[in-house]
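Dear colleague,

I am handing over the structure we spoke about, and my notes on what was found in it follow directly below. Please read them with the structure open beside you.

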Amino acid sequence: MGHVSRAPIEGAAALWRRLAAEFLGSAFLAAIVIGSGIAAQRLSPGDTGLELLENSAATAAGLFAIILMFGPVSGAHFNPVVSLADAALGGISWRHALAYLPAQVAGCVTGAVAANLMFAQAAVSISVKHRASGAHALSEVIATAGLLLVIFALARSGRAATAPAAVGAYIGAAYWFTASTSFANPAITIGRMFSGTFAGIAPSSAPVFIAAQLGGGIAGVLLIRFLYPSLSPAQAHDAVVPHEGSVPAESIR
């Protein structure tokens, strides 16, 4: 076996097309999370447990679908932490990872506005739902690290094609086993500030969540390097799912 290069593998898809996929996927993600939260609040008023069940089920199913929709183009990151982790592990270049970030944030804000409008609410309503606490921060560290472990464990073991189901299932479960209901994504955290609804988060709470998510991202990358030291750039490039430009790991010498 020859030497495996650590150079990032750039996909064949033009960067603008990847950015469009990340923008659209992130917009759908925010619309699913916020829209289903509004619907749950209207369908089950006063029953928080049922509202959360409805919101988490819709999010898990919707995330599965949008990863399938946009994954073949961009890899379906929809999350700055996933993009930065992929760059740290050699799957994409830092230039492309940094280009993904504004597309993801803009997409989530757009999706939040769309969700508000679909339910005949003001296009923008700043959330007053305060969530910042030590328990919430710890929850976001754990939720984000766990998300990265799911994604890159599948990529390392050649099971990246199962990621849509696995990621949807993990996020659906994490709604329930974390106090924060598992945002695990700085872009969706920012988007959810723009909806004063069940799924919203107050701007004053967002910095705590984002800092915890970045901390969870660092912890996740360290755990991946420890548990999967032979993870190659070609395998990392298949996160979240195999997409244009992916190449077999054995072809990188």
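In this predicted model, helix α6 covers residues 163-177, and because its 15 residues at 1.5 Å a residue should span 21 Å, the 20 Å between its end C-alpha atoms agrees with that expectation. The buried residues of α6 are Ala163, Pro164, Val167, Gly168, Tyr170, Ile171, Gly172, Ala174 and Tyr175, and what covers them includes α1 (15-43), α2 (48-74) and α5 (134-156).

Helix α4, residues 94-118, can be read in a similar way: with 25 residues, α4 reaches 36 Å from its first C-alpha to its last, close to the 36 Å expected at 1.5 Å a residue. Among the buried residues of α4 are His96, Tyr100, Leu101, Gln104, Cys108 and Asn116, together with glycines and alanines that include Gly107, Gly111, Ala112 and Ala115. The cover over the buried residues of α4 includes α1 and α2, as well as α3 (80-88) and α7 (186-192). Just after α4, alanine 120 takes a positive phi of about 55 degrees, which you may like to look at on the screen.

The aromatic side chains come next. A search of the whole structure finds four aromatic pairs. One of them is formed by phenylalanine 28 and phenylalanine 70, whose rings are 6.1 Å apart centre to centre with 35 degrees between the planes, a tilted arrangement. Since phenylalanine 28 lies in helix α1 and phenylalanine 70 in helix α2, this pair ties together parts that are 42 residues apart in sequence. Phenylalanine 70 counts as buried, at 12% relative accessibility, and its ring also pairs with that of phenylalanine 78; here the centres are 6.4 Å apart and the planes stand at 85 degrees, so the pair is edge-to-face. Phenylalanine 78 is likewise buried, with a relative accessible area of 2%, whereas phenylalanine 28 is partly exposed, at 40%. Taken together, ring pairs link Phe28, Phe70 and Phe78 into a cluster.

Phe28 also belongs to the surface, where Leu24, Phe28 and Met69 make a nonpolar patch of about 280 Å². Leucine 24 has its place in helix α1 and is partly exposed, with a relative accessible area of 39%. Phenylalanine 28 therefore appears twice in these notes, as a partly exposed residue of helix α1 and as a member of both the patch and the ring cluster.

With kind regards

Key: Residues numbered from 1 in each chain as written. Predicted model: local features only at pLDDT ≥ 70, side-chain atom pairs only at ≥ 80, totals over all residues. Heavy atoms only, no water. Helix = DSSP H or I, 4+ residues; strand = E, 2+ residues; numbered from the N terminus. Expected span 1.5 Å × (residues − 1). Buried < 20%, exposed > 50% of the residue type's maximum accessible area, 1.4 Å probe, protein only. Contact = heavy atoms within 4.5 Å. Patch = residues over 30% accessible without salt bridge, like charges linked within 9 Å, V, L, I, M, F, W, Y side chains within 5 Å. Areas by Shrake-Rupley, 256 points an atom, 1.4 Å probe, with all protein chains shown as cover. Salt bridge = Lys/Arg side-chain N within 4 Å of Asp/Glu carboxyl O. Phe/Tyr/Trp six-rings, centres within 6.5 Å; stacked < 30°, edge-to-face > 60°.
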